[in-house]
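Reader: I'd like to learn how to read a helix and a cavity in a model. Could you walk me through it?

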Amino acid sequence: MLAYYQPGLLEQQIEELYQQYDILTPRDLRLENIQRIFHIKILYNPIASFVVWDEECCIMNLKEGLSEFTYKRHFFHELYHQLEHQGNQMYLPHFLETQMEEDAKQFESFAMMPFFMLIKCSKEELTNPFSLATLFDVPVSFVEARLRRIYERAQAIYLDYQQHIQEQELLCCV
């Protein structure tokens, strides 16, 4: 079924970005590596996570006291803001701010377990969420949710394809 999966625009952008910076394997997704590549300085404070940047550097504040995985989610969430947005989010209309936050949440999932890396995994790894969790350094529940969304999208694309074929067959017979 994975053969029918078609990554969306955001996933394609992540793949292009990662390939541009030689982020090609799950091991390359280590936060220290991403920090180095994108020149990010991380601070830990009791306030909410946020990011500020200019042309020369990026400072990311991560709320202290979070679990390791939650730190990782916050990191990729804030990375999205740095990579995709210009200006101060505080001055945006509410609907744009809401859309930006939804996009950042999607980015977290795609960036922590990119499809182009998943398809390089063996069949045994793809059928073992524990193996993928270890490989991508994420919880099993995250792996299961990510795979479920991939399979659901692949199935929807497959069903659309099957419907298209049936419609073509009907047109040929008319």
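Author: Sure, burial comes first: buried means under 20% relative accessible area, exposed over 50%, and partly exposed in between, with a 1.4 Å probe and protein chains only. Helices (H or I, at least four residues) and strands (E, at least two) are DSSP runs, numbered from the N terminus. In α1, the buried residues are Leu10, Glu11, Ile14, Leu17 and Tyr18. A word on ground rules: this is a predicted model, where local features need pLDDT of at least 70, side-chain atom pairs count only at pLDDT 80 or more, and totals for chains, interfaces and linings use all residues. Residues are numbered from 1 along each chain as its sequence is written, and side-chain values use heavy atoms, with hydrogens and water left out.

Reader: Why do the buried residues of α1 line one face of the helix?

Author: The general idea is that an α-helix has 3.6 residues a turn, so residues three or four places apart point the same way. Here, looking down the axis of α1, the buried residues fall within an arc of 125° (taken from the directions from the helix axis to the C-beta atoms), so they line one face. Leu9, Glu16 and Gln20 are exposed, on the face turned away from that buried side.

Reader: Which side chain does Glu11 contact?

Author: A polar contact is a pair of N or O atoms within 3.5 Å; within protein, one must be able to donate a hydrogen and the other to accept it, and residues adjacent in sequence count only if both atoms are side-chain atoms. Glu11 makes one of 2.9 Å with the side chain of Arg146. Glu11 has 7% relative accessibility, so it counts as buried.

Reader: How many cavities of 30 Å³ or more are there?

Author: On a 1 Å grid over the protein atoms alone, a cavity is a set of points where a 1.4 Å probe fits but cannot get out, and lining residues have an atom within 4 Å of a point. Grid points are joined across faces, edges and corners, and a volume is the space filled by probe spheres set on the points. This structure holds one cavity of that kind, with about 50 Å³ of space. Its lining includes Glu11 and Arg146, along with Phe110, Phe115 and Phe116.

Reader: Which element gives the most to that lining?

Author: That's α1, with three residues. The elements giving two or more are α1 and α5 (115–118).

Terms used. On a 1 Å grid over the protein atoms alone, a cavity is a set of points where a 1.4 Å probe fits but cannot get out, and a pocket is an open set with protein on both sides within 12 Å along at least five of seven lines; lining residues have an atom within 4 Å of a point.
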